[in-house]
Structures are given as structure tokens and as C-alpha cells.
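Trainee: I am new to this structure. Can we go through the terms used for it and ask what backs each one?
Mentor: Gladly. Here it is.

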Amino acid sequence: MSELTSIQKADQPRTRESLACDLRKLGLAPGMNVLVHSSLGSLGWVCGGAVTVIQALLDVITHIGTVMVPAFSGDYSDPADWCNPPVPPDWIPIIKAAMPAFQPDITPTRNVGKIPETFRKLPRVFRSSHPAVSFAALGNYARYLTGNHKLEYSLGEGSPLARLYELDGCVLMLGTEYHTNTSFHLAEARTPGIVHKTNGAPLLVNGETIWQEFEDFDYDTDSFPDVGRDFEQRCPVKHGTVGSANCRLFRQRVAVDFAVEWLKGISNK
């Protein structure tokens with residue numbers, strides 16, 4: 001979204017104070033552990049951009065809460081599976097041999113927006129170690145949420161999503177729709193019959209870069225908008241406006257449990 005469009009979407013500049021006020025009205029509160037999916041452009045023109053949004057989030061949850069964001073780097077995966085865009089088959093071995101190893105401190109995020117990319121570089125932020133689907137967190141439970149992220153079955157029981165579930169945390173969708181709701185992937189991982197696949201990524205092992213293969217699930221977001229629609233009809237979801245953005249706030253555990261049953265129903269048909 002262009003800066004002109006952001007200005008046109010807003011009746012006034014969005015500030016740290018105004019965004020924090022909107023977040024409180026939505027239901028965000030001190031001590032919450034919250035996974036944030038975000039679209040900076042949806043908020044209107046923000047004075048200070050992504051930094052201001054992050055400051056507002058931290059102001060509201062305070063030092064006793066935790067903010068977590070997806071810090072995905074989808075290009076750290078098997079290029080044979082890439083489809084947006086695909087690469088020529090003869091490129092695949094070159095990419096595997098030449099790709100630099102994933103390093104949490106320096107590997108950039110990809111296709112998750114400006115807020116996560118800014119967030120992951122802040123002081124005291126912890127980032128999980130998965131090369132393709134890491135999460136970054138700051139706050140009281142940041143180390144717990146991001147520690148020991150399993151390489152195998154990347155968004156399942158060994159992931160930060162499962163740790164947030166254990167904490168009974170929340171999901172804040174800041175101007176995004178349900179296709180971005182990564183917590184539904186945890187529901188996929190808990191659904192019998194999910195397809196398995198082999199993936200791979202460049203990792204740093206004993207100072208050397210190696211291409212490491214691992215087992216994972218074949219995750220699929222196609223059903224997420226339908227799951228989200230039905231979830232909202234049957235479970236409590238707080239709706240509100242933050243800046244110019246339509247936003248949602250809900251308990252992650254409730255959403256995951258609902259999605260498991262929804263996906264089981266589909267798989268049994």
C-alpha cells in the first residue's frame with residue numbers, strides 16, 4: 001500500500017497513544033500473551049510506522065505480557081516445492097548448494113509484513129530456530145515460547161504455537177483475515193490423516209552449512225477462511241477498529257480446539 005493510500009485511509013495520523021487506546025478498547029490488556037498477525041497498511045498513516053505499532057502493543061500488555069509474531073522465511077525450504085513462483089528444475093541443486101544457512105539474528109523474514117521484520121531486530125527479542133517458520137517474541141514468556149522449536153513437524157507440538165496454547169494465550173489479527181491465522185496449522189497437526197512430507201533447509205552445523213532434510217506436515221491454508229467464518233459464528237471473538245483496520249482478538253486455545261473438530265468433520269466426509 002502506498003503512503004498516499006495510507007493517508008487517504010486515515011482521518012488523522014495514527015500515533016503510539018491513539019493505537020494503544022484502540023487496542024485497549026478491543027480488549028488487549030496487561031499480562032496477555034498474544035500472537036499478532038498484522039498489516040501495517042491497514043492501520044492508516046502511522047507516525048513512525050512499524051516501530052510505533054510495536055511500541056503501542058508493548059505499552060498495552062506491559063512487561064508482564066508477551067508479544068509474539070510469525071518471523072517466517074519461506075525461502076528457507078525445499079525449492080522443489082516452490083510455486084510462487086516456481087524455479088526451473090535445473091536450478092534446484094544450485095539453490096540447495098548455495099543457500100546461506102539460517103541464522104536467527106540475521107536471516108530476514110519473508111512475506112509476513114513490515115511489523116514482524118522490524119520486531120525481530122529489536123533488542124531482547126527471542127527468535128525460534130526453525131529455518132522456515134520461526135517465531136519472534138518479546139516479553140515475560142518470550143524465551144519459553146521460542147525455545148526448542150523442533151525442526152520436524154514445524155507447526156505442531158514442538159512449535160511456539162503449541163507453547164502459546166499451553167499458556168492459553170490470545171491471537172490478535174491486526175487488519176488481517178483468517179488465511180493468516182497460523183494457529184489453525186496447529187489444529188491441522190492435531191487432525192488425524194494429515195498428509196506428511198519431506199522438507200529441507202540449509203542449517204549451520206559445527207560451523208558448516210549443510211542441507212538438512214526433515215519430516216513435516218503438508219500444511220494448507222485453503223480452508224482457513226471457512227474455518228474462521230464458522231468459528232466466529234460459534235465462539236467468542238472480539239471485534240474492533242485499531243486505526244483504520246478491522247481487527248479481531250480471541251483465545252488461541254478456543255480457536256485451535258474448534259478448528260480440530262472442524263477439520264475432523266471435513267476429513268470424515
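Trainee: What do the buried residues of helix 2 pack against?
Mentor: This is a predicted model. In it, the buried residues of helix 2 pack against helix 3 (49–61) and three strands: strand 5 (170–174), strand 8 (238–242) and strand 9 (245–251). Packing here rests on contact, and contact means heavy atoms within 4.5 Å.

Trainee: Which residues of helix 2 are buried?
Mentor: Helix 2 covers residues 16–26, and L19, A20, D22, L23 and L26 are buried there. They span an arc of only 160° around the axis, so they sit on the same side of helix 2.

Trainee: Why do residues three or four places apart point the same way?
Mentor: An α-helix has 3.6 residues a turn, so that spacing brings them round to the same direction.

Trainee: Which residues are exposed on the other side of helix 2?
Mentor: E17 and K25. Just after helix 2 comes G27, with a positive phi of about 125°.

Trainee: Why is N111 called exposed?
Mentor: Exposed means over 50% relative accessible area. N111 has 76% relative accessibility, so it counts as exposed. N111 sits in the loop between helix 4 and helix 5 (114–119). Its phi is positive, about 65°, although N111 is not a glycine.

Trainee: Why is D168 called partly exposed?
Mentor: Buried stops under 20%, exposed starts over 50%, and partly exposed is in between. D168 has a relative accessible area of 29%, so it is partly exposed. D168 is in the loop between helix 7 (160–166) and strand 5. D168 is not a glycine either, yet its phi is positive, about 55°.

Trainee: Which peptide bond is cis, and what is its omega?
Mentor: The bond joining N84 and P85, with omega about 5°. P85 belongs to the loop between strand 2 (66–70) and helix 4 (92–98).

Trainee: How many helices and strands does the chain have?
Mentor: It has 10 helices and nine strands.

Trainee: What makes the chain as compact as a globular protein of that length?
Mentor: Set two values side by side. The radius of gyration is 19 Å, and the globule rule gives 18 Å for 269 residues; the two are close, so the chain is as compact as a globular protein of that length. Buried residues make up 51% of the 269 residues.

Trainee: What share of contacts joins residues at least 24 apart?
Mentor: Among contacts between residues at least 6 apart in sequence, 70%.

Terms used:
Residues numbered from 1 in each chain as written. Predicted model: local features only at pLDDT ≥ 70, side-chain atom pairs only at ≥ 80, totals over all residues. Heavy atoms only, no water. Buried < 20%, exposed > 50% of the residue type's maximum accessible area, 1.4 Å probe, protein only. Helix = DSSP H or I, 4+ residues; strand = E, 2+ residues; numbered from the N terminus. Arc of directions from axis to C-beta. Rg over C-alpha atoms; globule rule 2.2 N^0.38 Å.
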